[in-house]
Amino acid sequence: MIHFPKLNINTETLSILLVGVGGQGTILASNVLAELGLNLGYDVKKAEVHGMSQRGGSVISHLRWGETVYSPIIAQGQADIMIAFEKLEALRFIDQIRPGGFVVINDQEIVPVTVSTSDVVYPDDQTIREKIAEYTPNQYWVKGVAAAEALGNAKAANVVLLGAMSAMMGMDPEPWLDVISSRVPAKYLDLNQQAFYKGREAVES
Amino acid sequence: MVLNEEYKPMKRLLSGNEAVARGAWEAGCSVASGYPGTPSTEILENFARYPHVYAEWAPNEKVGLDSAIGAAYAGKRSISTMKHVGLNVAADSLFYVAETGIEAGLVIVSADDPSMHSSQNEQDNRQYAKFARIPCFDPADSQEAKDFTIAAFDLSERFDTPVLLRLTTRVCHTSGPVEVFEQQQQLPEPGKYPRNIKKYVVIPANARQLHPVVEARVQDLAKYAETSPLNRVEWRDKKLGIITGGIAYQYAREVFPDASVLKLGMVYPIPEKLIKDFAAQMDAVIVLEELDPFIEDQVRAMGVTLFEPTTKPEFPLSKSVFPIFGELNPLIVRNAAKAAGLLNGEAEELPNALQVELPPRPPSLCPGCPHRSSFYVLNKLKIPVNGDIGCYTLGVAPPLNSIHTCGCMGASIGVAHGAAIAGDKERHVAVIGDSTFFHSGIQGLINVAYNRSNTITIIMDNRVTGMTGHQQNPGTGLTLQNRETIEVDIEAMVRACGITKVLTVEAYDVDVIEKTLKQWMKEDEPAVLITKEECALLPSARKQYLPLEVTDQCNGCTVCFRIGCPAILKSEELDPKYNRSLAEIDAALCTGCEICAQVCPRDAILFRDQVRAKQVN
């Protein structure tokens, strides 16, 4: 049984969905979560789709921890946690979350090319917040890019999100930083540690 | 497999593809040849990094399989990898090696793509195993992907047959813990190359002798299947028994935790006695599998009675409970089981659909993509375009809308030629990438030249195999294992095919592409335009990025929006005269390819030189 008091989650299998846009660093984040799960002693499955969808399209990773994990895919409406690297993608995939599930949203806007070539508009923040609230009251917005830019590298936004998630789950930073450290180049280690703590602060404050 | 005991296994997170590569290496496989194709590509990319192995990208799957067969004839354990549709290309070779057998183990990997995440169809390649009478393994996770690969080499040698290792996207691209061993299996050096004409020369006289051998082999394999550790029964409640294989096993366990399961690791041939004994002990038996009723048809043919659902699915054929198309998942399986009366309760209600229209985010040509200019011109000139498989297939998407057919690898030139010989009133253009041209496009071009149709072909040479994630190919000067090699000269190759009207241009040059096509449309002979520019995502291209800028000359005319570049945004600022959104360039995405600057009628987008001059001032 996996127990996260802070999230009020008691589950045989913890299901985490990562959504974003191709090229945003979702792969690193899902790799960190998979390895973290393994280090914590769980069975782990991490499912991604490669190929065509990566060309600027919506991307989605399924990640599951548990005693024994069978299906690699999280069924619709069953995700305990969703990490959205981009606001529009948070809304696009919100029906994947279970009622009362937790959503971490990176406050970043990447406008799809279909906006400049059609009349469909990019939804404003209020619309996104309200629509998400119809599915779950638990949404955390994190200024991941701004925090990472303040540290000098916008690309560390994905690690800011991991930090936010670790705090949200009520977990100690060490096991997370162990995995992150093993996966980023040594010269970026300091940056990534700072980014991770920025993310924690965003939730704890 | 014999291992030195001091090598203790450790658990590592591996994708199914990484696990197959690992398994092949641990099994002593030392030769690999294949062609990239999602979801199979990472198998060879990973295998190539192991010590003491040879791995290559072949120009197509057939050449890859022939090469692996040749290595297996020469006594080396060999593997050939491809996506499901690649096995169509390699099918001729599959059928002869099924007859001849091999000297050392040969594993053929087919990575199927249920739900067509990156494919033109979702054919179920387990059917090829039955068709060619060879054993088929269907792993359910990464651990099995590794174990089954090793077992496949052993079985291949034991029964003198190639083995089809059939994967699916969710096995290929799901990572899970795998026990790995550090030591490669030690194999004896191969002996002298066989001079076994009756076995390896399939002239009719020999082939007639080989066919009964193949049929007998299938029977022997079916006997082996009865006791093979690849197939196992998990006894639980006997009210419901599930016969399953591959990824569907995971859904069986998740949705029916109490049911007994007969898990088939080898899905062809299948063990008749094991299945009948299992079925006899159950109150009801179902088959749970993705796509075709492959196991189900075989089980029914044995005379086993399967559970009859109260409500049949929409497309029953012989599949009784679960859908015949698309990838399964726990929700689909649960709902199908409920509809069939296997589980209590109504189908689960899905969360409410989102009540707001969102801008879609389909895959699209990247900012700076050198294919964009040709598609802009083709769309502008309203030319019917016969397309091919690669990144440039995305030329079909709005606003470019400039691909009108696309079937399979290498089809473009033949289909365009077909329109010409049918006397179609419009002149057609075939569009094909460098790697696809090497794969199977060149034969179409030979046909155009030989039979003198007036087909125009654009070969979009972006110096890499792009869509599958930057693999080397015969035009790049490097091999899969990063050895320096020749670069095939596409223009010389086209001329050698008998095409005399050939021009190589810079792919970003909109004006030259437009003028050339317009001129060629007036003439009546075959012609090839090679648009050459490296993929904008290659590291060497990234070093050249220089974001462009929009000046106050912009009046929101929307011409630049029509090139479909993700870096060009609608500004919130409106043109005062026409009240239209002005164009804005996202500096984080723009590479400075200058296609937009070329098409802008008001010179409102600065070229690179102008941007540089402005920066200096």
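**Close-up views of a predicted two-chain model**

**View 1. Strands β2 and β3 of chain B pair in the parallel sense, over four bridges.** The model shown here and in the views below is predicted. Within this pairing, B:Gly34 has B:Trp57 of β3(B) as its bridge partner. On the strand β2(B), B:Val31 and B:Ser33 point one way, while B:Ala32 and B:Gly34 point the other way. All four of these residues are buried.

**View 2. Strand β2 of chain B, residues 31–34, is also joined to strand β4 of chain B, residues 78–83.** These two strands run parallel and are connected by four bridges. Opposite B:Gly34 stands B:Thr81 of β4(B). B:Gly34 thus appears in both views, with B:Trp57 as its partner in β3(B) and B:Thr81 opposite it in β4(B).

**View 3. The strands of the preceding views belong to an open sheet of seven strands in chain B.** The strand order is β3-β2-β4-β5-β7-β6-β12, and the pairing is mixed. The edges of the sheet are formed by β3 (54–57) and β12 (266–268) of chain B, each of which pairs on one side only.

**View 4. Helix α3 of chain B, residues 61–73, lies across part of this sheet.** The strands that it lies across are β2, β3, β4 and β5 (106–112) of chain B. Relative to β4(B), the helix runs at about 165 degrees.

**View 5. Helix α7 of chain A, residues 173–183, has buried residues on one side.** The buried residues are A:Pro173, A:Trp176, A:Leu177, A:Val179 and A:Ile180. Because they cover an arc of only 165 degrees around the axis, they lie on the same side of α7(A). The face turned away from this buried side carries the exposed residues A:Asp178 and A:Ser182. Among the elements covering the buried residues are α1 (26–39), α6 (157–168) and α8 (189–204) of chain A.

**View 6. Chain B and chain A meet at an interface that buries about 4500 Å².** Carbon and sulfur atoms give 63% of this area. In chain B, the residues that lose the most area to chain A are B:Leu13, B:Pro359 and B:Arg361, which together account for 18% of what that side buries. In terms of contacts, 53 residues of chain B touch 52 residues of chain A.

**View 7. Three salt bridges are found across the interface of chain B and chain A.** One salt bridge between the chains links the side chains of A:Arg64 and B:Glu254, with an N to O distance of 3.1 Å.

Technical notes. Residues are numbered from 1 along each chain as its sequence is written. Chains are lettered from A and ligands numbered from 1 in the order in which they are written. This is a predicted model: local features need pLDDT of at least 70, side-chain atom pairs count only at pLDDT 80 or more; totals for chains, interfaces and linings use all residues. Side-chain values use heavy atoms; hydrogens and water are left out. Two strands pair if DSSP finds at least two bridges between them. Contact means heavy atoms within 4.5 Å. Axes are lines fitted to C-alpha atoms, for helices over the stretch in contact, and angles run from 0 to 180 degrees between N-to-C directions. Buried means under 20% relative accessible area, exposed over 50%, partly exposed in between (1.4 Å probe, protein chains only). The arc is that of the directions from the helix axis to the C-beta atoms. Buried area is the accessible area (1.4 Å probe) that two parts lose on being put together, summed over both. A salt bridge is a side-chain nitrogen of Lys or Arg within 4 Å of a carboxyl oxygen of Asp or Glu.
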